[in-house]
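Subject: Handing over a structure to look through

Dear colleague,

I am passing on a structure for you to look through at your own pace. Please open it beside this message, and follow the notes below with the residues in view.

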Amino acid sequence: MSSEILSGKQLRRLVTPIFLHGGIMHLAVNTVSLYNIGPHVENLFGKHRFLATYVAAGIAGNTFSALLNPEPSVGASGAIFGLVGAYYVCLRRNQIFFGKSGQKSMTSMKKTMAMNVVIGLLEPSIDNSAHLGGLLGGAAMAYTFGPRLFLMDLPNSNRIVVDKARFRIPNTIKSFPETAGLKLQRLKRRMQVDRFSADLPVKLWQKRLRKR
């Protein structure tokens, strides 16, 4: 399967494994991990940058997996590792605003990453290449699009914190979830209308035509 991806075929497989899992326990572990790290990243990045970082990290993880691992793999762990990498870069870049709390979080993430690497080396079924790719992908997204916080002086001698990211997420990407949601709603309504039409009784003149 990796050869298919590397030859430019079935590129959808760079995205679809993010939403697939190898069993209930695999899904449960990733769900708990996402629940632990996700809200922190979303609060700092906002929903658009959070979603873009999650998907981009997942794609990066699957790309690394295709390059370094000949066996197919599934799971959201690459995307979740990407959130960890993005959170670390954000705290490191803006550590003056987070102080000891941010330093503590970064130390905790380092230990977590080291532990996961060891577990991945001991367990052959774990795809460390996907984790590495996701981690680097998330870090790159945070460096490029993530928050860069500054203090701005106001005319009344007060100060506010402003976010001057290196680049902004394009509006087409920002609006993608809403656009996709609207299209799904329209498709759902169309399916409901078609189903309702199919359940209507056949008109009398149609019955007569069938008898002829």
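Please begin with helix 5, where Ser129, Ala130, His131, Gly133, Gly134, Gly137, Gly138, Ala139, Met141, Ala142 and Phe145 are buried. Keep in mind throughout that this is a predicted model, and that every value below was computed from it.

What do the buried residues of helix 5 pack against? They pack against helix 2 and helix 3, and three residues of helix 5 let you follow this packing by eye.

The residue Ser129 lies in helix 5 and is buried, its relative accessible area being 10%, which falls under the 20% cut-off for that word. Not counting residues up to four places away in sequence, Ser129 touches Gly61, Phe64, Ser65, Leu68 and Asn69.

His131 also has its place in helix 5, and His131 is buried with a relative accessible area of 10%. If its neighbours within four places in sequence are left aside, the contacts of His131 are Ser77, Gly78, Phe81 and Ile126.

The third residue, Ala139, lies in helix 5 as well, in the run of residues 128–145. Once neighbours within four places in sequence are set aside, Ala139 is in contact with Gly82, Gly85, Ala86 and Val89. Ala139 and Val84 are 55 residues apart in sequence, yet their C-alpha atoms are 8.1 Å apart in space.

You may also like to check the length of this helix for yourself. Helix 5 has 18 residues and should span 26 Å at 1.5 Å a residue, and because its end C-alpha atoms are 25 Å apart, the expected and computed spans agree.

Now for the chain as a whole. Its secondary structure comes to 8 helices and 2 strands, and, read along the sequence, these elements follow the pattern α-α-α-α-α-β-β-α-α-α. The chain has 212 residues, of which 29% count as buried, and it exposes about 14500 Å², with carbon and sulfur atoms supplying 63% of that area. Among the contacts between residues at least 6 apart in sequence, 68% join residues that are at least 24 apart.

Which residues have the most contacts inside the largest nonpolar core? That core has 22 residues, and the ones with the most contacts inside it are Ile37, Val41, Phe45, Tyr54, Leu83, Tyr87 and Met109. At least two residues of this core come from each of helix 2 (24–68), helix 3 (77–93), helix 4 (95–122) and helix 5, while helix 3 gives the most to the core, with 10 residues. In soluble globular proteins, nonpolar side chains tend to be buried together. To see one of these core residues in its surroundings, select Tyr54, which, leaving aside its neighbours within four places in sequence, is in contact with Ile18, Leu34, Ala76, Ala79, Ile80 and Leu83.

There is also nonpolar material on the outside, since Ile96, Phe97, Leu151 and Val161 form a nonpolar patch on the surface, with about 400 Å² of accessible area together. Of these, Leu151 is found in strand 1 (residues 149–153), and Leu151 is partly exposed, with a relative accessible area of 47%.

How many salt bridges does a search of the whole structure find? The search finds 2 salt bridges. In one of them Asp163 pairs with Arg49, the closest N and O atoms being 2.7 Å apart. Asp163 lies in strand 2 (residues 159–163) and Arg49 in helix 2, so the pair ties together parts that are 114 residues apart in sequence. The two partners are covered to unlike degrees, for Asp163 counts as partly exposed at 23% relative accessibility, whereas Arg49 is buried, with a relative accessible area of 13%. In the other salt bridge the side chains of Asp153 and Arg159 meet, at 2.9 Å from N to O, and both Asp153 and Arg159 are exposed.

Finally, please look at Ser157, which lies in the loop between strand 1 and strand 2. Its phi is near 75°, a positive value in a residue other than glycine, and Ser157 counts as exposed, at 69% relative accessibility.

With best wishes

Methods
Residues numbered from 1 in each chain as written. Predicted model: local features only at pLDDT ≥ 70, side-chain atom pairs only at ≥ 80, totals over all residues. Heavy atoms only, no water. Helix = DSSP H or I, 4+ residues; strand = E, 2+ residues; numbered from the N terminus. Contact = heavy atoms within 4.5 Å. Buried < 20%, exposed > 50% of the residue type's maximum accessible area, 1.4 Å probe, protein only. Areas by Shrake-Rupley, 256 points an atom, 1.4 Å probe, with all protein chains shown as cover. Core = buried A, V, L, I, M, F, W, Y, C linked by side-chain atoms within 4.5 Å. Patch = residues over 30% accessible without salt bridge, like charges linked within 9 Å, V, L, I, M, F, W, Y side chains within 5 Å. Salt bridge = Lys/Arg side-chain N within 4 Å of Asp/Glu carboxyl O. Expected span 1.5 Å × (residues − 1).
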